[in-house]
Amino acid sequence: LKVRELEKGSDEYNEHYDDSIKALLDYNPEMTVEELDISFARFFDIYFEVDGKETEPKARVDIQISYDEKVKKDEGKDGIAVHFSSEGIEIKDADTVGENVDSDKEIDTFKFNQNSFSVVGTMVTSSRALTQSGTVVDFNSLNASQGVYYIIYTEYNGRYYAVTYSDTTKKYGIGQEITVNGSTVTWNSGDSSIYWNFERNG
């Protein structure tokens, strides 16, 4: 496993930082750059190398990035991961843990998973950045040229859950719990497995 940190202030760091901002604003268009209130950002190029060649994992892998110095986390903020995959930028809730850490004020470890290796960023931003809402789609009114992404969900015991699909395992599953209020759906993750793209043949 090879890991290289992008030097802060370098062109590649700035490019990935700017792209992260754009992805967060696309993910939650109701927020502004100021409201994201990013207070920490570091980026790493992570990859497997076998016989001198980069190799992608064959299954989803767990990533843990720990820092020697604790990262300050003010009230109303959370740790996230930004994965620059070949299919686009993924925003992920990073489960922050650590020993002898006041979890309400500090972070020292970011934990998340991904199904490919490339550049990944760890950031501290407003908790609101992880909340996204959308409108339930009327499938009959769609056509493939619109490029619409939507969520399929199911109800179980009066609660709602997103339906997922894994490109790796080729299996469907039940993902995160979501909130359904009339025609509005609210969810809390950048997990790309819950997003569906409408396609119509003929």
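## Salt bridges, ring pairs and a buried threonine

Glu5 and Arg42 are joined by a salt bridge in which the closest N and O atoms are 2.7 Å apart, the term standing for a side-chain nitrogen of Lys or Arg within 4 Å of a carboxyl oxygen of Asp or Glu. Because Glu5 belongs to strand E1 and Arg42 to strand E2, this pair ties together parts that are 37 residues apart in sequence; helices (H or I, at least four residues) and strands (E, at least two) are DSSP runs, numbered from the N terminus. Glu5 counts as partly exposed at 35% relative accessibility, and Arg42 counts as partly exposed at 28%, where buried means under 20% relative accessible area, exposed over 50%, and partly exposed in between (1.4 Å probe, protein chains only).

The model is predicted, so that local features need pLDDT of at least 70 and side-chain atom pairs count only at pLDDT 80 or more, whereas totals for chains, interfaces and linings use all residues. Residues are numbered from 1 along each chain as its sequence is written, and side-chain values use heavy atoms, with hydrogens and water left out.

The protein has two helices and 16 strands, and of its 202 residues 38% count as buried. Among the contacts with a separation of 6 or more, 69% are made by residues 24 or more positions apart, a contact being heavy atoms within 4.5 Å. The accessible surface comes to about 12500 Å², and carbon and sulfur atoms hold 43% of it; accessible areas come from the Shrake-Rupley method with a 1.4 Å probe, and for residues only the protein chains shown count as cover.

The bridge between Glu5 and Arg42 belongs to a structure that holds six salt bridges. In another, the side chains of Lys77 and Asp37 meet at 3.3 Å, N to O. Since Lys77 lies in strand E5 (residues 77-85) and Asp37 in the loop between helix H2 (33-36) and E2, this pair ties together parts that are 40 residues apart in sequence. The two partners are covered to unlike degrees, for Lys77 counts as buried at 6% relative accessibility, while Asp37 is partly exposed with a relative accessible area of 41%. A further salt bridge brings together the side chains of Asp74 and Lys72 (3.7 Å, N to O); here Asp74 counts as partly exposed at 35% relative accessibility, and Lys72 is exposed, with a relative accessible area of 61%. Arg4, Glu12 and Asp45, in turn, are joined into one network by salt bridges that share partners.

The aromatic side chains offer a second route through the fold. A pair of aromatic rings is described by the distance of the centres and the angle of the planes. Rings of Phe, Tyr and Trp (its six-membered ring) pair if their centres lie within 6.5 Å, and planes under 30 degrees apart count as stacked, over 60 as edge-to-face and the rest as tilted; by this rule the count comes to seven aromatic pairs. Phe40 and Phe110 form a stacked pair, because their ring centres are 6.2 Å apart and their planes lie at 10 degrees. With Phe40 in strand E2 (residues 40-50) and Phe110 in strand E8 (residues 106-114), the pair therefore ties together parts that are 70 residues apart in sequence, and both Phe40 and Phe110 are buried.

The rings of Phe44 and Tyr67, with centres 6.3 Å apart and planes at 40 degrees, make a pair that is therefore tilted. Because Phe44 lies in strand E2 and Tyr67 in strand E4 (residues 61-72), this pair ties together parts that are 23 residues apart in sequence. Phe44 is buried, with a relative accessible area of 9%, and Tyr67 likewise counts as buried at 9% relative accessibility. Elsewhere, ring pairs link Tyr13, Tyr17, Phe43 and Phe84 into a cluster.

Several of these residues meet again around Thr122, which lies in strand E9 (residues 119-126) and counts as buried at 0% relative accessibility. Not counting residues up to four places away in sequence, Thr122 touches Phe40, Ala41, Arg42, Phe44, Ile65, Tyr67, Ile80 and Phe110. The side chain of Thr122 also makes a polar contact with the side chain of Tyr67 at 2.5 Å; a polar contact is a pair of N or O atoms within 3.5 Å, where, within protein, one must be able to donate a hydrogen and the other to accept it, and residues adjacent in sequence count only if both atoms are side-chain atoms.
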